[in-house]
Amino acid sequence: MAVHEHPHRSSGFHLPTFRRNGSASDGAVTAATTTTTTARAYAFASLRLVTGFVFLWAFLDKTFGFGYATPSGKGWIDGGSPTKGFLSGVAAGPMESTFHDWAGAGWANWLFMLGLLGVGVALVAGVALRLAAVAGTAMMALMWIAEWPPAKHLSDGTLSMSSNPFADYHLIYAIVLIALAAAGAGATWGLGKLWATVPVVRDHNWLR
């Protein structure tokens, strides 16, 4: 009797169930991974678009004087200077006198405005994110130095009112730009995939 019952106790009868459970588990893991990847792509795409709008809006407001940060009639097209007010107001840091010399200079105005426009368009379109990260980070670094958060006092001795000696919004923007480029965030809601097929871009990864 024991000999006849032994096959029935074999684990072979449980293998089909085990395999089905394994397949279902694998499918669930795959679905979860796909969902997470998709959510991450949409999150980065949203961050890219919002950040791009920040740069584009700064360019448009400084160019046309919409009455927000730039008063009406004081836009670049009206003869105003996009850099004079900010750079001439620098009152701390190792480059204070240098920024004063740059304030209102034609080359400074053009570089600053082209930087805002270029980074903004690249982010919104989802193309050339690596170039945008380099240019945008350079701009943010210069603006960080201009505001010089580490200073407790300005050059005239008054309190700087710095809220943080290191991490401010310029640093955050720079990190966001680098993260977007590293994540290849232009593929979702952008032209990143099409941009990558352009021959010169395909041959030179740093243009992506």
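## Surface and burial

The accessible surface of this predicted model adds up to about 12900 Å². Carbon and sulfur atoms hold 68% of that area. On the burial side, 29% of the protein's 208 residues count as buried.

## Fold make-up

Helices are what you get here: the protein has 9 of them, alongside 0 strands. Reading from the N terminus, the order of elements is simply α-α-α-α-α-α-α-α-α.

As for how the chain meets itself, take the contacts with a separation of 6 or more: 61% of them come from residues 24 or more positions apart.

## How far to trust it

The pLDDT averages 90 over the protein, and 85% of the residues reach at least 70. The N-terminal stretch is another story: across residues 1-20 the pLDDT stays under 50. For that stretch the model has just 2 contacts beyond four places in sequence. Where pLDDT is low, don't read the predicted coordinates in detail.

## A look at Thr70

Thr70 sits in a loop, with α2 (15-64) on one side and α3 (84-88) on the other. Is Thr70 buried or exposed, despite being in a loop? Its relative accessible area is 8%, and the cut-off for buried is under 20%, so Thr70 is buried.

Which residues does Thr70 touch once its neighbours within four places in sequence are left aside? The contacts are Asp61, Lys62, Gly65 and Gly75.

Notes:
Residues are numbered from 1 along each chain as its sequence is written. This is a predicted model: local features need pLDDT of at least 70, side-chain atom pairs count only at pLDDT 80 or more; totals for chains, interfaces and linings use all residues. Side-chain values use heavy atoms; hydrogens and water are left out. Helices (H or I, at least four residues) and strands (E, at least two) are DSSP runs, numbered from the N terminus. Buried means under 20% relative accessible area, exposed over 50%, partly exposed in between (1.4 Å probe, protein chains only). Contact means heavy atoms within 4.5 Å. pLDDT is the predictor's confidence in each residue, from 0 to 100. Accessible areas come from the Shrake-Rupley method with a 1.4 Å probe; for residues, only the protein chains shown count as cover.
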